[in-house]
Amino acid sequence: MTAADTQAADPPVAGPRDPGGSGPRPPRDGVRPSKKTTGALLPYLLIGPAIIAIGAVFAWPLVKTVVMSFQDMGRRELWSGETPPWVGFAQFTHILGDSQFWAVTFRTVVFMVVCVTATMAFGLLIALLMQRLSTWVRLLLTGALVAAWSMPLLVATSIFRWFADSDYGVVNSLLSKVPGVDFQGHNWFLNPWQGFTIIAAVVIWGAIPFVVITLYAALTQVPKELEEAAQLDGAGPLGVFRNVVFPVIKPVFQMIATLSVIWDFNVFGQVFLMRGNKPEPEYELLGIYSFQKAFSSSSFSQGTAIALITVLLLSGVAVYYLRQLLKTGEVE
Amino acid sequence: MTTSTPATRETEARKKATAPERAVRPDRKPGRKPDCKPGRKRGREKNRLGYNILGLITFVVMAFPVYWLLVSAFRPNREIRSYDQPLWPNSITFDNFVRATETRFFWTAIQSSLIICVTSVLGAMLIGTIAAFAIGRFNFIGRKPFMMVLIMVQLLPPTAMLIPIYVQLNAMGALNEYWGVIVVYLVSVLPFTTWMIRGFVINVPKELEESAMVDGCTRMAAFWRVIFPLLAPGLAAASIFALITAWNEYLFAYILMQDNDKYTLNVWLMNFTTDRGTDYGGLMAGSVMIAVPVVIFFMIVQKKMAAGLTSGAVKG
């Protein structure tokens, strides 16, 4: 579409000049070469600063990550600026041979799957529900979604941490209202399963607005006529959804699901802040694990190696996301 | 053969275009008016009540944390420090806000946050706009890879970049300096702003620029005089969005800044959490002060942002 557009529209850019100069040909030939070269260089000049900036802050550190993961950089090398010793694949073999790494990876994957599934399921249900609400309820709900969406991660995490506070948390006091249940003073973070429930809650609560609002926008693209025709043909609500509605929103759904996988795999701030900036080992997800290795154990090379493994694990998902983008025509 | 095929294709296309309307309309409109209306409407109404109740429950769940934040910020401390807090406050006080603003480094934190966020967003907008103009208007070799880079950079986990960036800034002596954080923030919001502005660039008709150029403007002059004013709402939306992202960032500010008086607001907020316990009243008041501008800005731009993103998606 764009290629056709630009090709169709590009000649007129030069075109309007041509008619004026169509008579005297030689002068145009004399002018053109210089114009053409600046014209061809211009886009590169325009994206130049962006390339340099991205290269400096992302590409170069990424190269550095790879280099560092083959070295052994500790606190001494960091401060003295000496080149750290080369250790080859030692960092990787050490990490891959460490049972803690596998436990952390397993935990990360489980956490991601739970969060993504819950986010997408609730998101889809709420989006479908939005279509069937009276206008005032929908506006109310949209307001709540936007407010939740705009809540800074740090603030949201603080609130949820307080909800689960053992002494003053509203969760405990509400649960204790149930007859026969005494949760007063219950510490949710002693048991990582319970702790992760709270962390998952803040992650899912924070992610739902984006999913709902995007899916709701996609649902408005479903032609009403098709839905009604399917209903007339005797399709039940589930049949209509599966055969008519879902195929239309599928590209958007897949896109958001892929993004959610990437985001939830990289959850960091929620755990980090929930545990007061020093998460216990049983709360380590890959991001935290890498951070702890680098900054608490001062083994920067191990930290980068773990980060690199994380990027590699995610690159498959990232490639899938890019292909989706290409397919739906966002790029070109 | 050659003449008949386009003709049949055309009629088929026309049929396709009108078919759904025809199939539904005669069924729906006359059917609704005479007899179906009362029963159908009542059924729908009944359903709607059920859905509305579900919708209200969802509303309560989604809004409760926000409500709790606001209520607690104004709740007196003795109520916060009780085991059984009522769901609505019995009295309202501004003590928490007073205490929060009197907390050490509050004013320097505001200053740091403003310096860092405004500078990085202005830089990102400048670089992003010209880059967005390039990929929105020109067809050049390397355009597609550049766009891929923009997307891929956003997929990189920030924690993966944290360590090498820290090491690099340390080597350059930029740790604990504003410019180190500014550069990091600038580049973190750059891909997104470029992508978003590109959506708005595409929406400005090419013809405008072309006619300006016919009238004797150079390409850059055409951009500044014709396109730029039309882009203004999009630029505003993108810049506010970038500002929100930078304003909310926590991790890099926490790691790259070491002096207390250079902490940004988000890092300052951690003052309320000590080993002896958490001052939830102060924390909530501080959170409100940080979140309110974000929420207001967000509400202003969210529609425009969606417009910018979808226009880019459809017309890419």
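Q: Is Lys224(A) buried, partly exposed or exposed, and at what relative accessibility?
A: In this predicted model, the class of a residue follows from its relative accessible area, where buried means under 20%, exposed means over 50%, and partly exposed lies in between. The value for Lys224(A) falls in that middle range, so Lys224(A) counts as partly exposed, at a relative accessibility of 46%.

Q: Which residue does the side chain of Lys224(A) meet in a salt bridge?
A: Lys224(A) lies in helix 11 (residues 224–232) of chain A, and its partner is three residues apart from it in that helix, so that the two are separated by about one helical turn. The partner counts as buried, because its relative accessibility is 13%. The distance in the salt bridge is 3.9 Å, N to O, and the residue that meets Lys224(A) is Glu227(A).

Q: Which residue forms a salt bridge with Arg275(A)?
A: Arg275(A) is buried, with a relative accessible area of 18%, whereas its partner is partly exposed, with a relative accessible area of 26%. Their side chains meet at 2.8 Å, N to O, and the partner of Arg275(A) is Glu280(A).

Q: How many residues apart in sequence are the parts of chain B that Arg99(B) and Asp279(B) tie together?
A: The side chains of Arg99(B) and Asp279(B) meet in a salt bridge of 2.9 Å, N to O. Arg99(B) lies in helix 3 (residues 95–102) of chain B, while Asp279(B) lies in the loop between strand 2 (277–278) and helix 12 (280–315) of chain B, so the pair ties together parts whose separation in sequence is 180 residues. Arg99(B) itself is partly exposed, because its relative accessibility is 28%.
The separation asked for is therefore 180 residues.

Q: How many salt bridges does a search of the whole structure find over all chains?
A: Among those found are the pair Lys224(A) and Glu227(A), the pair Arg275(A) and Glu280(A), and the pair Arg99(B) and Asp279(B). Between chain A and chain B the count is zero, and over all chains the search finds three.

Q: How much area do chain A and chain B bury between them?
A: The size of an interface is often given as the accessible area lost when the parts come together. Here the contact takes 97 residues from chain A and 101 residues from chain B. Of the area buried between the two chains, 76% is on carbon and sulfur atoms, and the total is about 9,200 Å².

Q: Which three residues supply more than any other three of the area that chain A buries against chain B?
A: The area in question belongs to an interface in which chain A and chain B bury about 9,200 Å² between them. Together the three residues supply 8% of the area that chain A buries against chain B, and they are Phe58(A), Trp162(A) and Tyr168(A).

Q: Which helix gives the most to the side of chain A that touches chain B?
A: Between the two chains there are six residue pairs in polar contact, counted with both residues at pLDDT 80 or more. On the side of chain A that touches chain B, the helix that gives the most contributes 18 residues, and that element is helix 3 (residues 25–69) of chain A.

Q: To which backbone oxygen does a polar atom of the side chain of Thr194(B) lie at 2.7 Å?
A: Thr194(B) is found in helix 7 (residues 178–203) of chain B and is buried, with a relative accessible area of 0%. Leaving aside neighbours within four places in sequence, Thr194(B) is in contact with Gly128(B), Ala131(B), Ala132(B), Ile135(B) and Leu150(B). The backbone oxygen that lies 2.7 Å from a polar atom of its side chain is that of Leu190(B).

Q: What accessible area do Leu49(B), Ile53(B), Leu54(B), Ile57(B) and Val61(B) have together?
A: One of these residues, Leu54(B), is found in helix 1 (residues 4–73) of chain B and counts as partly exposed, because its relative accessibility is 45%. The five named residues form a nonpolar patch on the surface, and their accessible area together is about 480 Å².

Q: Where in chain B is Asn176(B), which has a positive phi although it is not a glycine?
A: Phi of Asn176(B) is about 70 degrees, and the residue is buried, with a relative accessible area of 14%. The place of Asn176(B) in chain B is the loop between helix 6 (158–171) and helix 7.

Note on methods. Residues are numbered from 1 along each chain as its sequence is written. Chains are lettered from A and ligands numbered from 1 in the order in which they are written. Side-chain values use heavy atoms; hydrogens and water are left out. Helices (H or I, at least four residues) and strands (E, at least two) are DSSP runs, numbered from the N terminus. Buried means under 20% relative accessible area, exposed over 50%, partly exposed in between (1.4 Å probe, protein chains only). A polar contact is a pair of N or O atoms within 3.5 Å; within protein, one must be able to donate a hydrogen and the other to accept it, and residues adjacent in sequence count only if both atoms are side-chain atoms. Contact means heavy atoms within 4.5 Å. Patches are made of residues with over 30% relative accessible area and no salt bridge: like charges are joined within 9 Å, nonpolar side chains (Val, Leu, Ile, Met, Phe, Trp, Tyr) within 5 Å. Accessible areas come from the Shrake-Rupley method with a 1.4 Å probe; for residues, only the protein chains shown count as cover. A salt bridge is a side-chain nitrogen of Lys or Arg within 4 Å of a carboxyl oxygen of Asp or Glu. Buried area is the accessible area (1.4 Å probe) that two parts lose on being put together, summed over both.
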